[in-house]
Amino acid sequence: MTALNRVPSLMVRAGTASALTIAAVGGSIVAPGFSSEAAAATPATKALQIAASKKGSPYKYGATGPHRFDCSGLTLYSFKKAGKKLPRTAAQQYNKTRHISAKSRKAGDLVFFHSGSNVYHVGIYAGKNKLWHAPKSGDVVRLQKLWTKSVWYGRVK
């Protein structure tokens, strides 16, 4: 083992290695609670960020953006910009996702509102029991707390 190979491990153990030193020898820095940008930039995360960026955009039935949206138009637009293709309606989107339990839901998953077996609304789960969605005529794209338990969750494949 050369001196160059030994130095980073000794410095890391001693807690004195700088970020530049570690980078210079090809190491990586891992901080608790942080993920790398590559891991954080999943299509679901990107879609969630895109939906959030549309905050305040007016609802318009049948609209798919970029300035007006209906519920499934917002999810379609957000995932398309993130590199994923979804069908047009909430029900069609539900049929194209991998169905997951409420316990398994993650930010960026789709939230489908249903009455019996009829899916009538969709939004993007934002975490902490909230979602981004285009609610209804006269309203705007916004973050809102989930108001019912009559929802199913889907993960875009």
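N129 lies in the loop between β3 and β4, and its phi is near 60°, a positive value in a residue other than glycine. This is a predicted model. Beyond that loop, the briefing covers a cis peptide bond between G65 and P66, three salt bridges, the surroundings of V111 in strand β2, and a positive surface patch that includes K157.

**Backbone features**

- N129 counts as partly exposed because its relative accessibility is 28%, a value that falls between the limits of 20% for buried and 50% for exposed.
- K128 is also placed in the loop between β3 and β4, where β3 spans 118–127 and β4 spans 130–133.
- The phi of K128 is positive, at about 50°, although K128 is not a glycine.
- With a relative accessible area of 79%, K128 is exposed.
- Elsewhere in the chain, G65 and P66 are joined by a cis peptide bond, with omega about 5°.
- P66 belongs to the loop between α4 and α5.

**Salt bridges**

- Side chains of opposite charge can pair when their charged atoms come close.
- The structure holds three salt bridges.
- One of them is formed by the side chains of D70 and R88, at 2.8 Å from N to O.
- This pair links distant parts of the chain, 18 residues apart: D70 is in the loop between α4 (43–53) and α5 (71–81), while R88 is in the loop between α5 and α6 (90–96).
- D70 is buried, with a relative accessible area of 6%, whereas R88 counts as partly exposed at 27%.
- R155 and D109 form another salt bridge, their closest N and O atoms being 2.8 Å apart.
- R155 lies in strand β6 (residues 151–156) and D109 in the loop between β1 (97–100) and β2, so this salt bridge ties together parts of the chain that are 46 residues apart in sequence.
- R155 counts as buried at 18% relative accessibility, and D109 counts as buried at 2%.
- R142 forms a salt bridge with D139, and the closest N and O atoms of this pair are 3.0 Å apart.
- R142 counts as partly exposed because its relative accessibility is 28%, while D139, at 15%, counts as buried.

**Surroundings of V111**

- V111 is part of strand β2, which covers residues 110–115.
- V111 is buried, with a relative accessible area of 0%.
- Leaving aside neighbours within four places in sequence, V111 is in contact with H121, V122, G123, Y125, L131, L146, V151, W152 and Y153.
- H121, one of these contacts, is ten residues from V111 in sequence, and the two C-alpha atoms are 8.2 Å apart in space.

**Positive surface patch**

- K80, K81, K85, K96, R98, K106 and K157 form a positive surface patch.
- K157, one of the patch residues, is found in the segment after β6.
- K157 is exposed because its relative accessible area is 62%, which is over the 50% limit.

Methods: Residues numbered from 1 in each chain as written. Predicted model: local features only at pLDDT ≥ 70, side-chain atom pairs only at ≥ 80, totals over all residues. Heavy atoms only, no water. Helix = DSSP H or I, 4+ residues; strand = E, 2+ residues; numbered from the N terminus. Buried < 20%, exposed > 50% of the residue type's maximum accessible area, 1.4 Å probe, protein only. Contact = heavy atoms within 4.5 Å. Salt bridge = Lys/Arg side-chain N within 4 Å of Asp/Glu carboxyl O. Patch = residues over 30% accessible without salt bridge, like charges linked within 9 Å, V, L, I, M, F, W, Y side chains within 5 Å. Areas by Shrake-Rupley, 256 points an atom, 1.4 Å probe, with all protein chains shown as cover. Lys, Arg positive; Asp, Glu negative; His and termini not counted. Charge placed at Lys NZ, Arg CZ, Asp CG, Glu CD.
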